[in-house]
Amino acid sequence: MAKFDQGDDSVVVIIGSGAGGGTLANELAQKGIKVVVLEAGAMQSNATFINDEWKSFSQLAWLDPRTTSGTWRVAKDFSGLPAWVCKTVGGTTTHWAGASLRLQEHEFKARTTYGDIKGANLMDWPVTLKELEPYYAKAEDKMGVTRTNGIPGLPGNNNFKVMYAGATKLGYKEVHTGNMAINSQPRDDRGRCLQLGFCFQGCKSGAKWSTLYTELPKAEKTGNMDLRPESHVTRIEHSTAGLVNGVVYFDKDGKEQRQKARIVCVAGNSIETPRLLLLSASNMFKDGLANSSGQVGRNYMRHMTGSVYGTFGTALPHLSLKLVLSVTRLLSRGMSSPTIHMPARRV
Ligand SMILES: Cc1cc2nc3c(=O)[nH]c(=O)nc-3n(C[C@H](O)[C@H](O)[C@H](O)COP(=O)(O)OP(=O)(O)OC[C@H]3O[C@@H](n4cnc5c(N)ncnc54)[C@H](O)[C@@H]3O)c2cc1C
Ligand code: SF4
């Protein structure tokens, strides 16, 4: 692992090592650019991941207390933990399911499609599906998404098979195991999915794409990345000319450190990114950094999950499989692009 001096102002500092930060670190490192990745979470590995839901949650999730307010159910049920993201090297990609769908045309045009919503700042995206398509294609190739680039779909587990039989009988036209960033065959020096079922707990086999064991080790090999786990950034600094020139962070011993930088990239996910920009307010930027619009920290949107539960008439063998292998897309009957996850439960 490269070690760059804290006073070296030629480095690019990346805050966060998840989907965004880990990928960017590798892309820059491959081009010969020196990067320092500051990651608040600790380093785990396929060997230290825990195949137990709650213990794993404690190992990977961002558990620093948060607050929420209002009358919504999350505020009542999870007032100190209103969001589920990770604090670990690899970020939430250690934890994600790997479902890798493209947004559809109309989803880029939410305001045009649905009209104004009172009290919301609903807008169309400033980019179109067509403009993003080449980047979707690159990402699918990098992550090895099934049913793209000639990669076969994952096999269905027994739950899926029952679901498949029922859904096709009811007339659903497209029922399959989805587009998943999980190897259905060996690829990119990683093996195929072993159907262990603990995808959310960090995939011990490494079949599921995570920056922890794809992008970051590749970046490390170039000698251009200095990855510092357990380094929590609390402030981005700038020069008198208003140009960002370094960051302040706390190391694993709680000691304040300062890293100089020529560029700072913030990739801390939906809550920590705006929080850090707002925390970095100064006399010159009283409303925080990158906030001339006044919109930083507003318009937070949760990932909507609709759940439907059902029980099968008979017990299905192989029920230790949990999530990924039974993702089903149902595209007919007016449903836009729902993805159905079928967690296995013993009956
Ligand atoms: C249970 C679950 C399942 C999911 N499944 C899917 C799925 O199937 N398909 C899909 O498309 N998406 C899924 N997601 C969402 C997906 O994982 C995220 O959208 C994605 O990881 C976000 O990437 P990111 O780089 O913005 O943040 P992350 O991957 O979360 O990385 C952010 C990193 O920044 C670090 N960080 C934050 N603040 C600081 C700071 N101040 N200093 C230092 N480090 C900091 C964090 O510790 C973290 O490691 C899922 C998410 C969850 C929680
Ligand atoms: S089911 Fe596949 S992706 Fe999930 S943990 Fe097992 S090997 Fe990894």
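The following exchange examines how several descriptions of this predicted model are justified.

User: Why is Asp188 called partly exposed?

Analyst: A residue is exposed with 12 or fewer other C-beta atoms within 10 Å and buried with 20 or more. Asp188 has 13 C-beta neighbours inside 10 Å, and therefore counts as partly exposed. Asp188 lies in the loop between helix 6 (158–170) and helix 7 (215–221).

User: What makes the backbone of Asp188 worth a remark, given that the residue is not a glycine?

Analyst: The phi angle of Asp188 is positive, at about 55°.

User: Why is Asn299 called exposed?

Analyst: The limit for an exposed residue is 12 or fewer other C-beta atoms within 10 Å. Asn299 has 11 such atoms within 10 Å, so Asn299 is exposed. Asn299 is not a glycine either, yet has a positive phi of about 65°. Asn299 belongs to the loop between helix 8 and strand 8 (328–329).

User: How do you know that strand 1 and strand 2 pair, and in which sense?

Analyst: Pairing requires at least two bridges found by DSSP. Strand 1 and strand 2 have four bridges, in the parallel sense, and Val13 has Val36 of strand 2 as its bridge partner. With helix 1, these two strands make a right-handed β-α-β unit.

User: What is the case for pairing between strand 2 and strand 3 (residues 225–228)?

Analyst: Strand 2 and strand 3 also pair in the parallel sense, over four bridges, where the requirement is at least two. Val35 stands opposite Met225 of strand 3.

User: Which residues of strand 2 point one way, and which the other?

Analyst: Val35 and Val37 point one way, whereas Val36 and Leu38 point the other way. In a regular strand, side chains alternate between the two faces of the sheet. All four residues of strand 2 named here are buried.

User: Which residues of helix 8 are buried, and against what do they pack?

Analyst: Asn269, Glu272, Pro274, Leu276 and Leu277 are the buried residues of helix 8. They pack against strand 1 (12–15), strand 4 and strand 7 (263–266).

User: What makes up the surroundings of ligand 1?

Analyst: There are 33 residues around ligand 1, and Gly16, Gly18, Gly91, Gly268 and Glu272 come nearest. Helix 1 (19–30), strand 4 (232–238) and helix 8 (269–279) each supply at least two residues of this shell. By class, the shell around ligand 1 has 14 nonpolar, 16 polar and three charged residues.

User: What makes up the shell around ligand 2?

Analyst: Ligand 2 is surrounded by 13 residues, with Cys193, Leu196, Cys199, Cys203 and Lys208 the closest. Nine are nonpolar, three polar and one charged.

Key
Residues are numbered from 1 along each chain as its sequence is written. Chains are lettered from A and ligands numbered from 1 in the order in which they are written. This is a predicted model: local features need pLDDT of at least 70, side-chain atom pairs count only at pLDDT 80 or more; totals for chains, interfaces and linings use all residues. A residue is near a molecule or strand if its C-beta atom, placed from the backbone, lies within 6 Å of it. Ala, Val, Leu, Ile, Met, Phe, Trp, Tyr, Cys and Pro count as nonpolar, Asp, Glu, Lys and Arg as charged, and the others, Gly among them, as polar. Two residues are in contact if their C-beta atoms, placed from the backbone, lie within 7 Å. A crossover is right-handed if, with the strands pointing away from the viewer, the path from the first strand over the helix to the second runs clockwise.
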